[in-house]
There are 4 protein chains.
Amino acid sequence: MDVAVRVRYGETDQMGIAYHPSYFVWFEIGRTELLRQRGLAYRAMEEEDGCFVVVTSASCDYRAPARYDDELTVRTRVSSANSRRIAFAYEILAQDGRVLATGATSHVITDRGGRPRRLPERYLRALAPSAR
Amino acid sequence: MDVAVRVRYGETDQMGIAYHPSYFVWFEIGRTELLRQRGLAYRAMEEEDGCFVVVTSASCDYRAPARYDDELTVRTRVSSANSRRIAFAYEILAQDGRVLATGATSHVITDRGGRPRRLPERYLRALAPSAR
Amino acid sequence: MDVAVRVRYGETDQMGIAYHPSYFVWFEIGRTELLRQRGLAYRAMEEEDGCFVVVTSASCDYRAPARYDDELTVRTRVSSANSRRIAFAYEILAQDGRVLATGATSHVITDRGGRPRRLPERYLRALAPSAR
Amino acid sequence: MDVAVRVRYGETDQMGIAYHPSYFVWFEIGRTELLRQRGLAYRAMEEEDGCFVVVTSASCDYRAPARYDDELTVRTRVSSANSRRIAFAYEILAQDGRVLATGATSHVITDRGGRPRRLPERYLRALAPSAR
């Protein structure tokens with residue numbers, strides 16, 4: 001699932017490139033939009049179903065810098081999912097299709113109090129791993 | 001009340017100076033530390049007393065830039081306070097004492113649901129406006 | 001000039017609403033898009049013309065909270081402009097048209113080294129104050 | 001090398017815990033302070049020596065959440081270093097000593113224009129890998 005993000009001024013640092021933690025913010029936008037495309041709203045998942053998708057690990061490999069006002073594509077796919085754990089993989093692409101960065105995040109499902117819980121069936125169905 | 005903050009790399013932008021919204025983050029650190037110095041923890045205020053200090057207005061005048069790794073002083077005072085509203089004033093000082101920025105924020109007190117409520121008496125006493 | 005922004009998860013705080021300094025980031029997006037709509041790229045303004053639009057003051061009045069995943073409209077207009085100074089005014093609107101916040105920023109034009117300079121004529125023409 | 005950071009209000013999200021990309025900001029503070037403890041200023045490294053320490057990969061494993069106003073310890077060590085590449089390892093510790101997160105970053109040395117270059121000898125000497 002592809003979503004566009006434009007690099008904000010405040011996302012740059014004095015090196016003149018996008019600040020590296022910003023990529024994890026973009027990954028989160030990728031996850032949210034992948035869910036939305038599959039008919040789910042992460043907001044409703046928290047508010048109505050009391051399901052929280054908590055990050056347990058996150059990584060990013062940076063190949064080439066992104067710059068202010070660049071329009072990037074965040075490409076997100078589900079790499080694995082069961083009722084307790086989900087993992088996503090990401091690519092950040094430049095407008096010419098070059099891969100600027102790749103990343104991955106792993107998550108557990110918790111309730112509002114941070115205790116592990118199972119993902120309701122309809123979320124699990126929607127989160128079937130993406131074809132590559 | 002003075003508290004030191006050091007400009008973080010991610011707080012700079014490609015202009016090579018601290019990104020202007022960062023000052024409002026530093027103001028918030030100033031408020032938290034002013035409360036702490038007066039024996040109050042904003043964290044407990046929310047968690048134990050269900051009092052939220054919600055920002056209703058915020059402003060900053062920027063006189064001279066702050067740069068990466070600069071050690072700044074955030075000088076905070078209560079400019080007015082009653083059981084429903086609090087206002088703070090701020091100065092951001094360089095190590096040589098120059099004023100880099102001044103600012104102000106206004107706040108209302110709400111409960112967890114965002115409804116206006118009164119500040120408990122002991123907070124109000126502690127928040128007596130600062131002598132200038 | 002209207003541009004849409006969606007509230008990011010990381011832009012919320014533990015109060016469950018958009019963190020107040022985020023509005024200044026959205027104002028910046030408004031400025032960038034207003035320039036773009038008028039045929040100018042702020043990026044080129046810095047890179048090619050060595051013109052930096054430095055913030056000298058910023059303020060925001062918060063009327064009602066914005067929440068995660070809300071799609072907001074940033075409405076930006078030029079409130080005044082001459083070859084040395086520009087000022088913008090902003091409204092943040094909810095999808096139902098309610099004004100959630102209003103704001104203003106003032107700027108001076110500098111060169112790369114932070115020294116005041118004049119805005120080239122073609123930028124000044126493009127930045128004619130917006131009709132209200 | 002240990003440095004203390006206190007979780008800022010704006011670093012929390014609506015889950016009520018520190019937002020996961022914040023940890024990479026804290027890792028950066030750890031690197032800066034490790035350099036400073038060894039007599040080096042990253043700021044001078046960029047400004048005077050034209051050496052930029054660019055992130056090529058970053059990862060974090062999150063074991064337990066950090067909360068607003070928690071005072072955390074960022075423990076940083078050099079895991080490997082040569083004249084072209086540096087790697088750091090991190091732990092984020094709660095006040096009671098529990099490890100809340102571990103992380104790692106890899107870096108290459110570049111000049112101002114982003115081209116690979118060698119790290120000057122005195123930096124390399126100072127960056128000898130930490131004893132575990």
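**Hairpins, a shared sheet and two-fold axes**

Strands E3(A) and E4(A) pair in the antiparallel sense, held together by eight bridges. Here, helices (H or I, at least four residues) and strands (E, at least two) are DSSP runs, numbered from the N terminus, and two strands count as paired if DSSP finds at least two bridges between them. The model is a predicted one, in which local features need pLDDT of at least 70 and side-chain atom pairs count only at pLDDT 80 or more, while totals for chains, interfaces and linings use all residues. Residues are numbered from 1 along each chain as its sequence is written, and chains are lettered from A and ligands numbered from 1 in the order in which they are written.

Three residues lie between E3(A) and E4(A), and the two strands form a hairpin. Within this pair, Val74(A) has Ile92(A) of E4(A) as its bridge partner. Strand E4(A) also pairs with E5(A), again antiparallel, over nine bridges, and Arg85(A) finds its bridge partner in Val108(A) of E5(A). The hairpin of E4(A) and E5(A) has five residues between its strands, and Gly97(A) takes a positive phi near 90° there.

In a regular strand the side chains alternate between the two faces of the sheet. Strand E4(A) shows such alternation: Ile86(A), Phe88(A), Tyr90(A) and Ile92(A) point to one face and are buried, whereas Arg85(A), Ala87(A), Ala89(A), Glu91(A) and Leu93(A) point to the other and are not. A residue is called buried if 20 or more other C-beta atoms lie within 10 Å of its own, exposed if 12 or fewer, and partly exposed in between, with C-beta atoms placed from the backbone.

Helix H1 (residues 22-37) of chain A lies across E1, E2, E3, E4 and E5 of chain A and runs at about 65° to E3(A). Such axes are lines fitted to C-alpha atoms, for helices over the stretch in contact, and angles run from 0 to 180 degrees between N-to-C directions.

How do the chains join? Strand E2 (residues 52-62) of chain A and E2(D) run antiparallel and are linked by five bridges, with Ser57(A) standing opposite Asp61(D). An open sheet of 10 strands results, in the order E1(A)-E3(A)-E4(A)-E5(A)-E2(A)-E2(D)-E5(D)-E4(D)-E3(D)-E1(D), with antiparallel pairing. At its edges stand strand E1 (2-6) of chain A and strand E1 (2-6) of chain D, each with a single partner strand, so one side of each has no neighbour in the sheet.

In the contact between these chains, 16 residues of chain D meet 16 residues of chain A, where contact requires C-beta atoms, placed from the backbone, within 7 Å. On the chain D side, E2(D) gives the most, with nine residues. By class, this side has 10 nonpolar, five polar and one charged residues; Ala, Val, Leu, Ile, Met, Phe, Trp, Tyr, Cys and Pro count as nonpolar, Asp, Glu, Lys and Arg as charged, and the others, Gly among them, as polar.

Chain D superposes on chain A by a rotation of 180° with 0.0 Å of shift along its axis (RMSD 0.0 Å), using least squares on the C-alpha atoms of residues with pLDDT of at least 70 in both copies. In chain D, the C-alpha nearest this axis belongs to Ser59(D), 2.0 Å away.

Chain D also touches chain C, with nine residues from each chain. A rotation of 180° with 0.0 Å of shift along its axis superposes chain D on chain C (RMSD 0.0 Å), which is the relation of a two-fold axis.

Notes
Contact = placed C-beta atoms within 7 Å.
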